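User: I am new to this structure and would like a close look at a single part of it. Please choose one residue that opens up its surroundings, and follow the connections outwards in one continuous account.

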Amino acid sequence: MTDVPETELPEHGNDPFRTRCAMLVSVLAMCLAIASLGGSNAAKDSMSNNILAANAYSFYQAKNVRQTSYKIAADDLRIQLANDKLTPAAKTLVEKKLGDYEKNIARYESEPETGEGKKELMEKAKAHEHERDMALRQDPWFDYAEALLQIAIVLTSVAILTGAHVLFWVPCALGLLGIFSTLNGFLLLI
């Protein structure tokens, strides 16, 4: 039986090319982790703010329905008062009830103390929509960054294995694009 010789990579000692490639992989991997974290956070922020905006709009709609009910009831009471067929006691009671309804109508429109009036709810919903839209603009940049950085890491590994110095510059360029995409994901420069 014959022994088959094992194939090993040649020993290169302190090859500066391999050291540069190893450093590049380290930097690219660090940037990839940051891009991945940014993309994950952007996706969560997008989903969370979308839910919060929908909740605020639903609450707004519920307030609007209640306010409309009070408006209809108040109009009914105004018609009763206009008919002038009420006894003085009934008229006093209807006027008091009408005043209560009008207070509720105003409270449903704006309630700064609790932040739950229609005006405040609309502002909250718009703010959540803005945050959601911002996260949706960030997310694709993180996706681009992750793809570019992963490809750059693979190509750097190929450069290490083949010893092809020319292959070192392609992952450098892709890595720079990936780093720029990561930064743009956070800062939205473009």
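Analyst: Two residues are in contact when they have heavy atoms within 4.5 Å of each other. The model is predicted, so local features need pLDDT of at least 70, side-chain atom pairs count only at pLDDT 80 or more, and totals for chains, interfaces and linings use all residues. Residues are numbered from 1 along each chain as its sequence is written, and side-chain values use heavy atoms, without hydrogens and water.

Leaving out residues up to four places away in sequence, Phe 17 touches Ala 159, Gly 163, Ala 164, His 165 and Phe 168. One of these partners, Gly 163, comes just after α3 and takes a positive phi of about 75 degrees, where helices are DSSP runs (H or I, at least four residues) numbered from the N terminus. Helix α3 itself covers residues 118-162, and its 45 residues reach 66 Å from the first C-alpha to the last, close to the 66 Å expected at 1.5 Å a residue, a span taken as 1.5 Å times one less than the number of residues.

The structure holds 6 aromatic pairs, counted when rings of Phe, Tyr or Trp (its six-membered ring) have centres within 6.5 Å, with planes over 60 degrees apart called edge-to-face, under 30 stacked and the rest tilted. In the pair of Phe 17 and Phe 168, the ring centres are 6.1 Å apart and the planes stand at 65 degrees, so it is edge-to-face. Because Phe 17 lies in helix α1 and Phe 168 in the loop between α3 and α4 (169-187), this pair ties together parts that are 151 residues apart in sequence. Phe 17 and Phe 168 are both buried, that is, under 20% relative accessible area (exposed is over 50%, partly exposed in between, with a 1.4 Å probe and protein chains only). Ring pairs also bring in Trp 169, which forms a cluster with Phe 17 and Phe 168. Over the face of Phe 168 lies Arg 20, at 5.3 Å from the ring centre; such a charge has NZ of Lys or CZ of Arg within 6 Å of the centre and within 35 degrees of the ring normal.

Around these rings there is a wider nonpolar core, meaning buried Ala, Val, Leu, Ile, Met, Phe, Trp, Tyr and Cys residues joined through side-chain atoms within 4.5 Å. The largest one has 17 residues, and those touching the most other members are Phe 17, Cys 21, Leu 24, Leu 28, Ala 35, Leu 149 and Phe 168. Two or more residues of this core come from each of α1, α3 and α4, and α1 gives the most, with 8 residues. A second, separate core has 7 residues, including Leu 81, Val 94, Tyr 101 and Ile 105.

For comparison with the pair at Phe 17 and Phe 168, the rings of Phe 142 and Phe 186 have centres 4.9 Å apart and planes at 75 degrees, so they too are edge-to-face. Phe 142 belongs to helix α3 and Phe 186 to helix α4, so the pair ties together parts 44 residues apart in sequence. Phe 142 is buried, with a relative accessible area of 1%, whereas Phe 186, at 43% relative accessibility, counts as partly exposed.
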